[in-house]
Amino acid sequence: MTDLTRMAAWEALELHAGKHRDRHLRELFTADARRAQRFAFRLDDLLVDLSKQRLSSETLALLLELARATDLEAWRDAMFRGERINTTEDRAVLHVALRNRSGRPMQVDGQDVMPDVLAVLERLERFTGDVREGRWLGHTGARITNVVNIGIGGSDLGPAMVTEALWPYGTADLRVHFVSNVDDSHLQQVCRDLDPAETLFIVASKTFTTDETMTNARSARSWLVERLGDEAAVARHMVAVSTNEEAVRAFGIDPDAMFGFWDWVGGRYSLWSAIGLPIMLAVGYPRFVELLDGAHAMDEHFRTAPLAENLPVLLGLVGIWNRNFLGAGTHAILPYDQRLARLAAYLQQADMESNGKSVRRDGHRVDYATGPILFGEPGTNSQHSFFQLLHQGTELVPADFIVAARSTTALGDHHLRLLANCLAQTEALAFGKTPEEARHELEAQGLTGEALEAMLPHKLFAGNQPTTTIVYDELTPYALGRLLALYEHVIFVQGQIWGLNSYDQWGVELGKQLAKRILPVLQGEADGQDLPPPTRALIEEVLQRRR
Ligand code: F6P
């Protein structure tokens, strides 16, 4: 593997950044009257406006050169061919097969996976219909009115985010809840108002060994059995989604009530699989298929569009530019859409668990920055919290503004106000407010002399914060699927350029291992002499308080 920072394309970008870095967006827009049009990229009704990123046509050309030099297209094609690009786990990365609506085969190890994918979808469709239409009843013969998904990470964040995003397509007759945290408060809060006779639990875990999920699942089972007074109730009130049939059976869920997926589906890329069952139950199977259709449209675009028009490639490259050449350590996700309230949390796992790595695929340590810290909240709420730092702080914070042109649930002029705020913020972040403008404003307010001079520095906005604006007609299941697949492929593009394996997650292991050593000490079953002194001290402290 050639060292990234020694590639001619990288060096050319560094040289270019040296000259370009300090150019202000004001200057870039003044120099090019058609900048807004020139940097607008589209796929059907999806607009990705890169004009407020701090780059020029030359920057983009150099970034595309970097993509070519790092064999991006060859790696993309290898992923779609089902090659084992997740090398440390020796697995293919084929979540695109889960939403392959083309009828074409997709292979892993020479085997077409599509018949299995479609067979599970068929079972899910049947089960979803049975629950929603009252053919699948609880142990006492009552209809299911509440579904609780027990899962964590990829077995929670995707379905939870999408279910919330698609609420207008749901029904009050069937409510879907999510329990992820091992903190008993989560399960207890969700179950407090539920009737066990009408509640269905989905135990969602790729491995079916994750401690948080299994602990919650055991407690949920006890809750059911205690209240319904019969062990047999489990069969009507618990189903599983997993790749581990043996563990599902050992837990006491019949494989007939299990929906499978495969090791070539990464947890954080799994909402398109049976892990999407809570989404299907919430909005109905046909809507779920629309979500898959939207994702498939983006897959096809990513697979076939020339690099210079390819939205995931362009967005990925812009991220590389901001991270490696402008030095941004964070990336804000700002959906101007309350329905996307959990998007940032979902993308935090998708992106940070994929590209939060400092060792390359070949085992060498990187000498450049990789995945940024993602954070975000819906606009306009975030305007009233952390936007102050974006406008007048000392950090460079690239941000994605995501907004639908119209609301699905239109109410008065709410959506126009939302849009006005979204567009205003990207303008403010780009152009800021100059001393002349601020002075003029203060004078208009009647300030003069020392009072004006004292106030002036506080009223300045440096601007030049890079933003991308993503606009689509309406947040339909299709548009959402397309948007999520866009972000998934951006992660692929960046991971590939950084030379990472974006599909393993060894960094989550250490804490899990240590928790396994600490638990027996807290339970009084081990003395903890092998633990480091600060851990022992804290254990002693909490045990004392519990006594
Ligand atoms: O701890 C991280 C992780 O392995 C994630 O990658 C995964 O999404 C999550 O745990 C849950 O895993 P599982 O679905 O196997 O319970």
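Select T380 to begin, and you will find this residue in the loop that runs between strand β11 (373–375) and helix α17 (387–392). Keep T380 selected and add G379, because this is a predicted model and the backbone geometry here deserves a careful look. The peptide bond that joins G379 and T380 is cis, with an omega of about 5 degrees.

Next, go to D71, which is found in another loop, the one between helix α4 (57–69) and helix α5 (72–80). What is the sign of phi at D71? The phi angle of D71 is positive, at about 60 degrees, although this residue is not a glycine.

Now show the whole protein chain as a cartoon, in which 23 helices and 13 strands can be traced. The radius of gyration of this chain is 26 Å, close to the 24 Å that the globule rule gives for 547 residues, so the chain is as compact as a globular protein of that length. If you reduce the display to the C-alpha trace and turn it along its principal axes, the span is about 80 × 60 × 60 Å.

From here, select the ligand, which takes up the space of the largest pocket. Which residues are closest to the ligand? It is surrounded by 14 residues, and the closest are S155, S205, T207, T210 and E353. Colour this shell by class, and you should see two nonpolar, nine polar and three charged residues.

Finally, look at individual atom pairs around the ligand. In the side chain of S205, an N or O atom is 2.6 Å from an oxygen atom of the ligand, while at K206 it is a polar backbone atom that lies 2.7 Å from a ligand oxygen. Select T210 as well, where a polar side-chain atom lies 2.5 Å from an oxygen atom of the ligand. With these contacts in view, add a surface: of the 390 Å² of accessible area that the ligand has on its own, the protein covers 87%.

Key
Residues are numbered from 1 along each chain as its sequence is written. This is a predicted model: local features need pLDDT of at least 70, side-chain atom pairs count only at pLDDT 80 or more; totals for chains, interfaces and linings use all residues. Side-chain values use heavy atoms; hydrogens and water are left out. A residue is near a molecule or strand if one of its heavy atoms lies within 4 Å of it. A polar contact is a pair of N or O atoms within 3.5 Å; within protein, one must be able to donate a hydrogen and the other to accept it, and residues adjacent in sequence count only if both atoms are side-chain atoms. Accessible areas come from the Shrake-Rupley method with a 1.4 Å probe; for residues, only the protein chains shown count as cover. On a 1 Å grid over the protein atoms alone, a cavity is a set of points where a 1.4 Å probe fits but cannot get out, and a pocket is an open set with protein on both sides within 12 Å along at least five of seven lines; lining residues have an atom within 4 Å of a point. A molecule sits in a cavity or pocket if more than half of its atoms lie within 2 Å of its grid points. Ala, Val, Leu, Ile, Met, Phe, Trp, Tyr, Cys and Pro count as nonpolar, Asp, Glu, Lys and Arg as charged, and the others, Gly among them, as polar. Helices (H or I, at least four residues) and strands (E, at least two) are DSSP runs, numbered from the N terminus. The radius of gyration is taken over C-alpha atoms; the globule rule is 2.2 Å times the number of residues to the power 0.38.
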